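Open the model in your viewer and keep the sequence panel beside it. We will go from stop to stop, selecting residues as we go.

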Amino acid sequence: MKKILLPTDFSENSWNAIKYALQLFKNETCKFYILNTYTPVVYDVEFVLVSPAQFGMVDAIKETALKHLKDLEERIKREYSNPKHSFKTMLQFNTLISEMEEIVEDQAIDYVVMGTQGATGAKEVLFGSNTVHVFNKIKCPVIAIPENFKFEPLHEILFPTDYEINYTKKLLKPLIYLTSLYISRVNVLNVSFGYELTEEQEKNKKALETFLDKTANLFHSVSNETVQEAITTFQQRARINLLVMINNKHSFFENLFFKSTINQIGFHLNIPFLLIPTKTIKSK
């Protein structure tokens, strides 16, 4: 049974991500953890020490969130009834990231599925701040769903790589599992800059070929383009349903997303994005 964490702020964006998850795993036995976290707007240490309930603020926020969670669960069961799926709603007085870290570890979560924006997300930003923090902190695979994206079966998957990662079966398992749900093909995309692959890169490439040998795959190499340009060009040429990257401290993922201001990135993602961390809580 797969365990899927679905954080929600009750926005349309988070509902869209929940719908995606329910459809992605529709044929799998899953337990979905639907999480909402709340803190008062004026939350600080002094406020909590005095008495947060004295104004009735915490209770009011909690009651509203509990009602939203109940309505959300009823909506899911009404619109996406599935005997293979079970649900647990969770309301916690905590910050989102701290609570997600605890749940991922305590419940051995397999995937987090969330929207790329929050309720007030600016459309010009590639990822909302919560999503960026999740990418940095959460030690399990995260699937980020763009606003208004409608579910598509995973027929074509794009996997950019610089072959600088020591691939292992455990590291690639979240990707390979998703390819097993549909008739998926993995398009491995390497962006070169006129240099031959090093001996280490060749070794990593061969390891990747070995791990993907039971999955339909194509290896592509392009030159004289930035990674952003190569991804955008490939997406335009082929109907890609999922972009996958490894979050390695020394990989180009970090350079691409975290070495520049997040809203100045040269392309906007309009397909779901799976980020796999190199370090996970549990053995997959």
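Select Glu 101 to begin. It lies in helix α4, which covers residues 96-106. Helices here are DSSP runs of H or I with at least four residues, strands are runs of E with at least two, and both are numbered from the N terminus. Glu 101 counts as partly exposed because its relative accessibility is 33%. On this scale, buried means under 20% relative accessible area, exposed means over 50%, and partly exposed is in between, with a 1.4 Å probe and protein chains only.

Now add Glu 102, Glu 105 and Asp 106 to the selection. Together with Glu 101 they gather in a patch of negative charge on the surface. A patch takes residues with over 30% relative accessible area and no salt bridge; like charges are joined within 9 Å, and nonpolar side chains (Val, Leu, Ile, Met, Phe, Trp, Tyr) within 5 Å. Asp and Glu count as negative, Lys and Arg as positive, while His and the chain ends are not counted. Each charge is placed at CG of Asp, CD of Glu, NZ of Lys or CZ of Arg.

A word on the model before moving on. It is predicted: local features need pLDDT of at least 70, side-chain atom pairs count only at pLDDT 80 or more, and totals for chains, interfaces and linings use all residues. Residues are numbered from 1 along each chain as its sequence is written, and side-chain values use heavy atoms, with hydrogens and water left out.

Stay in this region and select Ala 108. It is found in the loop between α4 and β4 (111-115). Its phi is near 55 degrees, a positive value in a residue other than glycine. Ala 108 is partly exposed, at 24% relative accessibility.

Next, zoom out to the whole chain. How many helices and strands are in the chain? There are nine helices and ten strands. Of the 284 residues, 48% are buried. The accessible surface comes to about 14400 Å², and 49% of it belongs to carbon and sulfur atoms. Such areas come from the Shrake-Rupley method with a 1.4 Å probe; for residues, only the protein chains shown count as cover. Now consider contacts, meaning heavy atoms within 4.5 Å. Among contacts with a separation of 6 or more, 83% are between residues 24 or more positions apart.

Time for some charged pairs. Side chains of opposite charge can pair when their charged atoms come close. The rule for a salt bridge is a side-chain nitrogen of Lys or Arg within 4 Å of a carboxyl oxygen of Asp or Glu. By this rule there are six salt bridges.

Select Glu 73 and Lys 77. They form a salt bridge, with their closest N and O atoms 3.1 Å apart. Both sit in helix α3 (residues 57-79); they are four residues apart, so about one helical turn separates them. Is each partner buried or partly exposed? Glu 73 is buried, at 18% relative accessibility, whereas Lys 77 is partly exposed, at 47%.

Go to Glu 200 and Lys 203. Their side chains meet in a salt bridge at 3.7 Å, N to O. Both lie in helix α7 (residues 199-211), three residues apart, about one turn of the helix. Glu 200 is partly exposed at 41%, and Lys 203 is partly exposed at 48%.

Now pick Arg 239 and Glu 152. The closest N and O atoms of this salt bridge are 2.5 Å apart. The pair links distant parts of the chain, 87 residues apart. Arg 239 is in the loop between α8 (227-237) and β9 (242-247), and Glu 152 is in the loop between β5 (142-145) and β6 (156-160). Arg 239 is exposed, with a relative accessible area of 60%. Glu 152 is buried, at 16%.

Select Tyr 163 next. Its place is in the loop between β6 and α6 (169-181). Its phi is near 60 degrees, again a positive value in a residue other than glycine. Tyr 163 is buried, with a relative accessible area of 2%.

Return to helix α7 and select Thr 210, which lies there. It is partly exposed, at 48%. Thr 210 and Tyr 167 are 43 residues apart in sequence and 10.0 Å apart in space, C-alpha to C-alpha.

Last stop: Thr 232 in helix α8. It is partly exposed, with a relative accessible area of 27%. Add Leu 269: the two residues are 37 apart in sequence and 8.7 Å apart in space, C-alpha to C-alpha.
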